[in-house]
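Biologist: Hi, could you walk me through the aromatic contacts and the domains in this one?

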Amino acid sequence: MRLRDNYRQAVKKFQPKPSYVANSLKAFFIGGGLSVVAEVLRAQFRVNLPSLAAEQAVLLLFIGAAVVLTAIGVYDEFSQFAGAGSTMLITWFANSLTSAALEHRSEGVVSGIAGHMFKVGGAALVYGIVAAYLFGLVYFMR
Amino acid sequence: MKLVGKQTWVFDDVYIQATGTAVGPSEADGPLGNCFDVVHHDLYCGEKTWERAERRLMQDAIAVCLQHGNITINEVDVLLAGDLLNQNVTANYTARAFPVPFLCMFGACSTSMETLAVGAALVDGGFAKRALAATSSHNATAERQFRYPTELGVQKPKSATFTVTGAGAALIGKEKGRFRVTAATIGRVIDAGLTNPLDMGSAMAPAAAHTIEQHFYDLRRSPSDYDLIVTGDLSRVGSVIVKELLMEAGYDVTSNYNDCGLLIYRPEKGAFAGGSGCACCAVVTYGHLLKEMKAGAMERMLVVATGALLSPTMIQQNESIPAIAHGVVIEAVRGE
């Protein structure tokens with residue numbers, strides 16, 4: 001097929017394909033590995049803390065680490081490598097808020113940082129809350 | 001008549017008298033690092049915000065260009081400038097410091113050759129003795145406007161390009177210089193119907209091919225009339241497509257074609273498919289290619305700056321990406 005005859009179809013053979021297998025493997029092992037680390041930490045915290053507090057302590061650690069890694073400019077490189085192994089975790093949500101806040105600090109603390117902080121992460125928040133509400137309804141009606 | 005064929009302007013006596021380039025850290029580390037006049041090793045270029053950093057680059061490029069041309073800004077009759085940011089803030093805010101009539105231009109990444117072509121036309125038509133054409137882009141200002149916050153963790157595909165941080169300026173005039181601007185082919189907006197903003201090479205290649213074909217047709221020329229045909233920022237993906245498109249039209253450019261986006265970074269730099277942005281074509285042409293021409297490596301080249309007329313809002317509304325390409329012919333002036 002010539003490019004001139006049907007560009008949108010013919011151009012596909014010139015476009016690089018994403019490496020689905022490598023990306024899936026990386027996402028599985030890195031995302032899974034981080035989840036194992038979280039589980040081990042939770043078990044450690046569980047020794048001295050009640051169950052909910054232990055989980056929250058792990059979340060705090062992960063969120064804190066993501067914020068620091070974002071601030072020093074490492075998290076985006078990690079995500080480029082890990083793909084879904086980084087974006088499917090709560091650390092990515094922390095990264096989305098921190099990166100937007102960093103990006104927009106030049107427009108001031110109110111209209112810049114506060115106004116733009118949820119620009120990327122906001123969608124996860126909105127649909128997270130909507131989903132939680134719907135599942136909550138189902139739970140109570142059952 | 002200076003219009004030849006449908007889209008090509010032919011100039012009598014117009015010269016590029018001087019150029020100036022300024023770049024950021026990644027470009028300075030690239031293979032052309034020592035071609036640029038001003039190098040900033042900090043992405044902020046000593047300024048407080050990314051936008052100010054981009055303005056600093058444009059100011060630096062203009063200052064060096066004037067210095068090389070051995071004139072002051074007061075001797076410039078018209079300034080033509082543009083960039084990628086909304087309301088062309090870099091160009092407008094840079095121009096407010098100059099007591100010079102100003103035409104702001106936007107052609108996305110095709111602005112470098114758009115300003116050069118229009119500047120040459122104004123000089124050739126007698127509307128200005130000297131025109132200054134300038135353009136800039138900055139990786140961080142472009143990222144935040146067109147994509148995501150710079151530190152957001154997203155996995156970019158191999159077709160994505162890396163916006164060049166830099167600025168280029170050219171002084172155009174009637175007095176004889178080293179380089180003559182002999183013709184310009186003004187492109188049409190071509191929309192091939194592609195929608196992926198992370199693959200602008202595929203979106204822009206048809207516009208580049210169209211302008212190049214029209215150029216050959218208008219001037220009754222062929223690829224062999226040029227030592228180099230260079231596109232602005234088609235990158236690894238788009239440059240292959242444009243060669244194929246031209247081949248289908250019967251023009252073989254495989255031996256004398258290149259792309260500025262492929263020249264500016266080392267392949268291992270992590271710049272994905274190559275460089276892009278207004279500055280990509282500007283700094284490579286003004287900083288590197290003209291030096292090559294001066295050194296005798298080329299006599300005549302066709303520089304085709306390619307622009308994806310991309311708007312994040314239009315992409316979100318499921319519109320496709322229109323593209324444009326403007327070509328300018330630059331020839332070496334030898335002798336004396």
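Modeller: Happy to; we can take ring pairs, then charges over rings, then the domains of chain B. This is a predicted model, so local features need pLDDT of at least 70 and side-chain atom pairs count only at pLDDT 80 or more, while totals for chains, interfaces and linings use all residues. Residues are numbered from 1 along each chain as its sequence is written, chains are lettered from A and ligands numbered from 1 in the order in which they are written, and side-chain values use heavy atoms, with hydrogens and water left out.

Biologist: How many aromatic pairs are there over all chains?

Modeller: The count is seven. Rings of Phe, Tyr and Trp (its six-membered ring) pair if their centres lie within 6.5 Å; planes under 30 degrees apart count as stacked, over 60 as edge-to-face and the rest as tilted. One of them joins Tyr75(A) and Phe78(A): the centres are 5.5 Å apart and the planes at 75°, so this pair is edge-to-face.

Biologist: Where do Tyr75(A) and Phe78(A) lie?

Modeller: Both are in helix α4 (residues 75-82) of chain A, three residues apart, about one turn of the helix. Helices (H or I, at least four residues) and strands (E, at least two) are DSSP runs, numbered from the N terminus.

Biologist: And is Tyr75(A) buried or exposed?

Modeller: Tyr75(A) is buried at 2% relative accessibility, whereas Phe78(A) is partly exposed at 26%. Buried means under 20% relative accessible area, exposed over 50%, partly exposed in between (1.4 Å probe, protein chains only).

Biologist: What about Phe216(B) and Tyr226(B)?

Modeller: Their ring centres are 6.2 Å apart with planes at 40°, so that pair is tilted. Phe216(B) belongs to helix α6 (residues 200-219) of chain B and Tyr226(B) to the loop between α6 and β11 (228-231), so the pair ties together parts 10 residues apart in sequence. Ring pairs link these two and Tyr251(B) into a cluster.

Biologist: Which ring does the charged end of Lys26(A) sit over?

Modeller: That of Phe81(A), 4.5 Å from its centre. The rule is NZ of Lys or CZ of Arg within 6 Å of the ring centre and within 35 degrees of the ring normal.

Biologist: Switching topic: how is chain B divided?

Modeller: Into domain 1 (12-173) and domain 2 (179-332), with bounds from an automatic or database domain assignment. In chain B, 53 residues of domain 1 are in contact with 48 residues of domain 2, contact meaning heavy atoms within 4.5 Å.
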